[in-house]
Amino acid sequence: MLLKPSRPKMPWKHWLKPWLQIDWLLLSLTAGVSGFGGLMIMSTELRQPVSDWWAHWLVAGIGVVIALFLARSRYERLIDWHWVIYALTNLSLIAVMIIGTSAKGAQRWIAIGGFNVQPSEFAKIGVIITLAAVLHQRTACQLKTVFRALAITAIPWALVFLQPDLATSLVFGAVVLGMLYWANAHPGWLILMISPVLSAILFSISWPLSEPIVLSPDISFSFLGLVWVVAMGILGWQTLPWDKFALSGIGASALNFLGGELGVFAWNHILRDYQKDRLTVFLKPGYDILGVGYHQHQSRIAIGAGEIWGWGLFKGPMTQLNFVPEQHTDFIFSAVGEEFGFVGCLVVLFIFCLICFRLLRIAQTAKDNFGSLLAVGFLSIIVFQLIVNVGMTVGLAPVAGIPLPWMSYGRSAMLTNFIGLGLVESVANFRQRQKLY
């Protein structure tokens, strides 16, 4: 009787067993984007006595290790610790206001061991974990759950806004909106949530079709603003679960009118001059291109100079001669446009779309609501930062201090992205086991 030959042992399979279910394509794409980002940073610094590119690669390597460690750790354990994480998140933001270091008119960093750590970046993950733990117990089909989620987000949002860091505070808004939508909140409620912001814009900014009617320095309105207020009243009447029109339609209209007037007040008394200038440059292209509009103007020229195929790596004249300020951080996409052209920009955007698709796929296949919400919260961060960063480099969004994920230089931002990625990979790793061939 012949014996069947035994299969050779594969030690690598035993070593990979704890990570068999993770999304290797997602991890490879993010690591590849990080490597390419370091290459672009090197290009922007080629003629300067700095070398942030190697630090970018080093932090990215540390981030990959952290992501792999988190991927084999059970994400469900975070449910029992979400209030502790939330408390630590807020305490770190308060610490910034007390012992933080200032730069460029903002107090956002804490010096630890010779490195500047930005707690507002890590606060994004803390808010995601807390909201996911709250929303996985009860869906957002009821308004009280929506208000609870908003109250949880309001505290870290306010602490970041007071630093001041308006751009990062907007990321918290994107996170809570994305997670509430995934938790089955009514889309009309989400529109009503952001409607006061649009009212503030319509009430305080001059538009070609409707100049604001100014009653006093703090009270003004416009025809378009009043139309928007009425439209939101109708939406509130149709979507809010209150029977009486006075509690729904009129309440929604009053909230938007108040939001509009608060926008006028904020423009006159709260927003700083540089924040006003950024909004003005966005609404009036070509405004003060030698002053506040210089960054965006130079970025658009660099991207346009790349044409279809670009100048080639290390050959972009505006990149090599440092014509675009802050190009290694917020404006890194302009280096891609100049040196790799329109085709290179499309390839980068396609890779980011593929990353977002993989995150969405993990959210759809998670074994529980908590894991699904973690993935959607992180997806909301990536999508919002991608749209705003690319938009501001081409003039389709106001200039904001929001980095391009995994590509812009920033150690805290890089570690935050890989921590979020590690949590999502943990969701993927502990799904129902699939049959592998």
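Let's start at Arg 358, a residue that is partly exposed, with a relative accessible area of 22%. Keep in mind as you look around that this is a predicted model. The side chain of Arg 358 meets that of Asp 23 in a salt bridge, with N and O 2.8 Å apart. Asp 23, for its part, is buried, at a relative accessible area of 6%. The cut-off for calling a residue buried is under 20%, so Arg 358 at 22% falls on the partly exposed side.

What does this pair tie together? Arg 358 lies in helix α14 (residues 332–365), while Asp 23 is in the loop between α1 (11–16) and α2 (24–44), so the bridge ties together parts that are 335 residues apart in sequence.

That pair is one of 4 salt bridges in the structure. As background, side chains of opposite charge can pair when their charged atoms come close.

Now go to helix α5 (residues 119–135), where Lys 124 and Glu 121 sit 3 residues apart, about one helical turn. Their side chains meet in a salt bridge too, at 2.9 Å from N to O. Are these two partners buried or exposed? Lys 124 is buried, with a relative accessible area of just 2%, and Glu 121 also counts as buried, at 6%. So here is a charged pair within one helix, with Lys 124 buried and Glu 121 buried as well.

Next up is a little group of charged residues. Arg 74 forms a salt bridge with Glu 76, and their closest N and O atoms are 3.1 Å apart. The pair isn't on its own, though: Arg 74, Glu 76 and Lys 367 are linked in a network of salt bridges. Arg 74 counts as partly exposed at 35% relative accessibility. Glu 76, at 19%, counts as buried, since the cut-off is under 20%.

Finally, take a look at helix α15, which covers residues 369–393. How far apart are its end C-alpha atoms? They are 36 Å apart, and that agrees with the span you'd expect for 25 residues at 1.5 Å a residue, which is 36 Å. As for its surroundings, 21 of the 25 residues of α15 are buried, so the helix is largely enclosed by the rest of the structure. After α15 comes Gly 395, and its phi is positive, near 90°.

Conventions. Residues are numbered from 1 along each chain as its sequence is written. This is a predicted model: local features need pLDDT of at least 70, side-chain atom pairs count only at pLDDT 80 or more; totals for chains, interfaces and linings use all residues. Side-chain values use heavy atoms; hydrogens and water are left out. Helices (H or I, at least four residues) and strands (E, at least two) are DSSP runs, numbered from the N terminus. Buried means under 20% relative accessible area, exposed over 50%, partly exposed in between (1.4 Å probe, protein chains only). The expected span of a helix is 1.5 Å times one less than its number of residues.
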